[in-house]
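Me: I am new to this structure and would like to understand the words used to describe it. Please set each value against its definition before you conclude.

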Amino acid sequence: MSAGERLTDALYGLGWATVKKLPEPVAAGLGRRIADAAWKRRGQGVLRLEANLARVVPDASPQRLAELSRAGMRSYMRYWMESFRLPSWSAERVGRSVDIKDLHHLTDGLASGKGVVLALPHLANWDLAGVWATRVLGVPFTTVAERLKPESLYDRFVAYRESLGMEVLPHTGGAAFGALARRLRAGGLVCLVADRDLSASGVEVDFFGERARMPAGPALLAQQTGALLLPVTLWYEDGATMGGRVHAPVEVPASGTRAERTSSMTQALADAFAGGIAEHPEDWHMLQRLWLNDLDPAKGPK
């Protein structure tokens, strides 16, 4: 493990150990101060966030983009401050902190016994949405996690999410797809953050007028298992509440090759994600390259 990796692991460990012990107003204020300091430094993550937001809000002035990126960093730090504290939240606290619209798409799908795939972008706090599913709806689910470095940091994330009632599979390797398919065939719930491709097998989509790649997994799982594929978008509301919407099912096309069906379904997900992101751009935590035109390392911040 490199010195940088040891430092990263130590900082995350400090966050999990200390933030959850702070009074909530203190933790929230700390998060805002950290976010504002990071925003003022104009590091790679902030510059990339601002460049991404320029696609989402193409007519925004430089001042508006700066305001959005500052709000975006505050939203991103709110995610972390909440996540550090989630293990101590009661089901009652989770229930009054989350307001999900059009929930019948999910509950009807689970009642049908076909299994459900929920696909989400990096909006607001997807971990809080997961805790809401396990503790308020009482529905366990399976997800995947990107392998992080150092390995000890990945282990922290897995242990954290498993403590919240999630089954977590490593993203790498074909075994994860088979396990997800088995959960769905048994009528289970699978939740996948799906607005950024982490493999070489992503599907090209039109996203805010440019080409991007998104993972094929959600569409392939729905085709292979007969499970419902439901896009979900989230946002922070004023105060301590997070809003969300379960969108109508993405249908499997009646004709076409598997690749064509997968492309059509992934584009439908991208369209649903774009609608939610456009409504709440400050809550989209995309601090990495996403569009194909940005994937050349020579073209700017990561």
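Me: What do β6 and β7 form, and which residue in the turn has a positive phi?

Reply: This is a predicted model, in which local features need pLDDT of at least 70 and side-chain atom pairs count only at pLDDT 80 or more, while totals for chains, interfaces and linings use all residues. Residues are numbered from 1 along each chain as its sequence is written, and side-chain values use heavy atoms, with hydrogens and water left out. β6 and β7 form a hairpin with two residues between them, and Phe208 in the turn has a positive phi of about 55°. Helices and strands here are DSSP runs numbered from the N terminus, a helix being H or I with at least four residues and a strand being E with at least two.

Me: How do you know that β6 and strand β7 pair?

Reply: Two strands pair if DSSP finds at least two bridges between them. Five bridges join β6 to β7 (residues 210-214), and the two run antiparallel, so the definition is met. Within this pairing, Arg211 of β7 is the bridge partner of Asp206.

Me: Which side chains of strand β6 point to one face and are buried, and which point to the other?

Reply: In β6 (residues 203-207), Val203, Val205 and Phe207 point to one face and are buried, whereas Glu204 and Asp206 point to the other face and are not buried. In a regular strand the side chains alternate between the two faces of the sheet. Buried means under 20% relative accessible area, exposed means over 50%, and partly exposed lies in between, with a 1.4 Å probe and protein chains only.

Me: Why is Gln267 called buried?

Reply: The relative accessible area of Gln267 is 18%, and the limit for buried is under 20%, so the word applies. Gln267 has its place in helix α11 (residues 258-279). Leaving aside neighbours within four places in sequence, Gln267 is in contact, meaning heavy atoms within 4.5 Å, with Val205 and Asp206.

Me: Why does Arg42 count as partly exposed, while Ala124 is buried?

Reply: Arg42 has 33% relative accessibility, a value between the two limits, and therefore counts as partly exposed. Ala124 has a relative accessible area of 0%, so this residue is buried. Arg42 is found in the loop between α2 (24-41) and α3 (44-56), and Ala124 in the loop between β2 (116-120) and α7 (126-137). Arg42 has a positive phi of about 55° although it is not a glycine, and Ala124, also a residue other than glycine, has a positive phi near 55°.

Me: Why is the pair of Trp80 and Phe84 called tilted?

Reply: Rings of Phe, Tyr and Trp (its six-membered ring) pair if their centres lie within 6.5 Å; planes under 30 degrees apart count as stacked, over 60 as edge-to-face and the rest as tilted. The centres of these two rings are 5.8 Å apart and their planes are at 35°, so the pair is tilted. By this rule the count comes to eight aromatic pairs. Trp80 and Phe84 both lie in helix α4, four residues apart, which is about one turn of the helix. Trp80 counts as buried at 10% relative accessibility, and Phe84 counts as buried at 7%. Both belong to one aromatic cluster with Tyr76, Tyr79 and Trp126.

Me: What makes Arg78 a charge over the ring of Tyr236?

Reply: A charge sits over a ring if NZ of Lys or CZ of Arg is within 6 Å of the ring centre and within 35 degrees of the ring normal. Arg78 lies over the face of Tyr236 at 3.7 Å from the ring centre, and Arg93 lies over the face of Trp89 at 3.8 Å.

Me: Which residues have the most contacts inside the largest nonpolar core?

Reply: A nonpolar core is a set of buried Ala, Val, Leu, Ile, Met, Phe, Trp, Tyr and Cys residues joined through side-chain atoms within 4.5 Å. The largest one has 89 residues, and those with the most contacts inside it are Leu118, Leu189, Phe207, Leu234 and Trp284. Helix α4 (residues 62-85) contributes the largest share of this core, eight residues. Not counting residues up to four places away in sequence, Leu189 touches several residues, including Leu106, Val116, Leu118 and Phe141.
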